[in-house]
Amino acid sequence: FFARAPGAWVTPMFFAEDRKWTSLLLTHGFWHTVFDARPDYAVFGNVAVLWTGVRLCDLFGGGDPLDIPRWQALASYALFAMVVSLPVLLLPGRLPKGTLPAVWALGVLMPLGIHDASWSGFEILGRATNVGFAALPVAFLLLWVRLTPVAPRPPWRTALLDAGLLACVATNPMCIVLVPVAAVPIVRSLAAARSRAALGAVGRRLARDPDAWSLGMLVVGALACSGGASAARGDGGLTLPPFDRAVELGLARSMLYALTWPIYRWLNTDRTLLLAVIALWLSWRCGRSRHRLLHAGGLALLAVASAVLVACRRELSEILVGYRTTFPDRYFYAQYLVGLPLVATFAADVAARLAPRGAVARLPLAGLYALVVIAAIREPPWRVPDSQFIVDDDGCFARSAARAVAARAWRDPAGAPAADGRFVGIPSHPRFPDEILLPRDEVVRAVARRRAAPRVAAASPAVR
């Protein structure tokens, strides 16, 4: 991911919400930032990335606060690497081994518009502000593993899965729609009880079941985390876009993109609807019965995500007009990652049905790996895209810090000027003049080190 989008490391800066949330993190602490950074929902995953970057800077960067965004970029790269590697780590025994490398490679090379003339390549990889969308595919995979044990599972592993699901809910409120699905086995066991005595026996067993207790804590935690979440924008009600734009936004760009991204610009409304019908029919006709519930659940999740975008993000339909651009990719990469294991299981199912035909059975997997090759050609990680330098720091932040120290721009934790303030307010960039609050003493030392560095370099030849 560094190779695909090196700008966040090469020319680091506090970008968008990373600026405000890092200030909150340093002035008010981790949990305050998680629950108060936004008024409508928690942002645990985003803040965890920012916090990890700060700790990495302390451990490996000498605690230089002016270098924090570089280490936060590293934490962001690591998070995306973990997300796309989860299928390989969690799904052996659920996905055929031959599909796992393809799913991983397609995740690493997921189309993000990095080589297009848009902000997408600049604002996703290496940033924390948009990592919250990744919680949706992570929650989908964790729920899949929870509901389909391939071997007896100790209670602590179930608790870890539920803790992961809770972290996803505390990052992206859309993940709460998955929590009730985790209770399906319990509902089935209760529904199977045909008498009052049998129902009592099931209840007593559940009361002693650690998995049921873990699920109960997950539900309580999810309700607590999402209590203030709201999908609606609150800007005068919902206004749906025209039909053609709704199809492009909700169907082509969201639900079908894991399949259609190589031909996206060839699509139109009629072709998109036709492909949707064909994909749905093939999934039911060629998919194996043990994967049908998985496909149905994945499609339902994609449908919910698409409906939220169409209903609550109408402005996206004004940008996605005529299948000419995929920007803004941040709203859609999660749906792509949810779709990848669905595509892989479908390819494996078709291969299994074609097994009696010999070499023909290899075609579905060959098609899956062909997508990997196309992805590498479309957005080659060996070529640095121009989108990485839409905004170039070029030392602006360090110079702003020096000016802030010279002006004694001390601030209290609320950002108000204070003669004895423990923080310094620094404009993060000429294009983003909002101040970020960093610890005063550390900034003063960092500025002094940078001022001394040129004098040391200049003195070296004379010493020799």
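Let's start with one residue, M255: its relative accessible area is 23%, so it counts as partly exposed. You'll find M255 in helix α13, which covers residues 243-255. Setting aside neighbours within four places in sequence, M255 is in contact with G250, L299, L302, A303 and S306. There's also Q335, 80 residues away from M255 in sequence, yet the two C-alpha atoms are 6.7 Å apart in space.

Before going further, keep in mind that this is a predicted model. The average pLDDT over the chain is 84, and 88% of the residues score at least 70. Among the elements, helix α4 (residues 44-60) has the highest mean pLDDT, at 95, while helix α11 (residues 196-207) has the lowest, at 64. Residues 231-236 fall below 50, and that stretch has six contacts in the model beyond its near neighbours in sequence. Residues 456-464 also stay under 50, and here the model has zero contacts beyond four places in sequence.

Now for the inside. The largest nonpolar core takes in 117 residues, and L106, L125, Y336 and I426 have the most contacts within it. Helix α8 (residues 135-147) gives the most to this core, with ten residues. Take a look at Y336: leaving out residues up to four places away in sequence, it touches L106, M110, P111, Y257, A258 and W261. A second core, separate from that one, has five residues, including M13, F15, F122 and V391.

Next comes the sheet. It's an open one made of three strands in the order β1-β2-β3, with antiparallel pairing. In general, the strands of a sheet pair through backbone hydrogen bonds, which can be parallel or antiparallel. At the edges sit β1 (410-411) and β3 (432-439), each pairing on one side only. β2 and β3 are joined by six bridges, and G425 has L437 in β3 as its bridge partner.

Two helices meet this sheet. Helix α2 (residues 17-28) packs on it, touching β2 and β3, and its direction makes about 20 degrees with that of β3. Helix α20 (residues 396-406) lies across β1, β2 and β3, running at about 145 degrees to β2.

Let's finish with a residue in the sheet, S428, which lies in strand β2 (residues 423-429). Is S428 buried or exposed? Its relative accessibility is 1%, so S428 counts as buried. Beyond its neighbours within four places in sequence, S428 is in contact with F14, R19, D393, F397 and D434.

Key
Residues are numbered from 1 along each chain as its sequence is written. This is a predicted model: local features need pLDDT of at least 70, side-chain atom pairs count only at pLDDT 80 or more; totals for chains, interfaces and linings use all residues. Side-chain values use heavy atoms; hydrogens and water are left out. Helices (H or I, at least four residues) and strands (E, at least two) are DSSP runs, numbered from the N terminus. Buried means under 20% relative accessible area, exposed over 50%, partly exposed in between (1.4 Å probe, protein chains only). Contact means heavy atoms within 4.5 Å. pLDDT is the predictor's confidence in each residue, from 0 to 100. A nonpolar core is a set of buried Ala, Val, Leu, Ile, Met, Phe, Trp, Tyr and Cys residues joined through side-chain atoms within 4.5 Å. Two strands pair if DSSP finds at least two bridges between them. Axes are lines fitted to C-alpha atoms, for helices over the stretch in contact, and angles run from 0 to 180 degrees between N-to-C directions.
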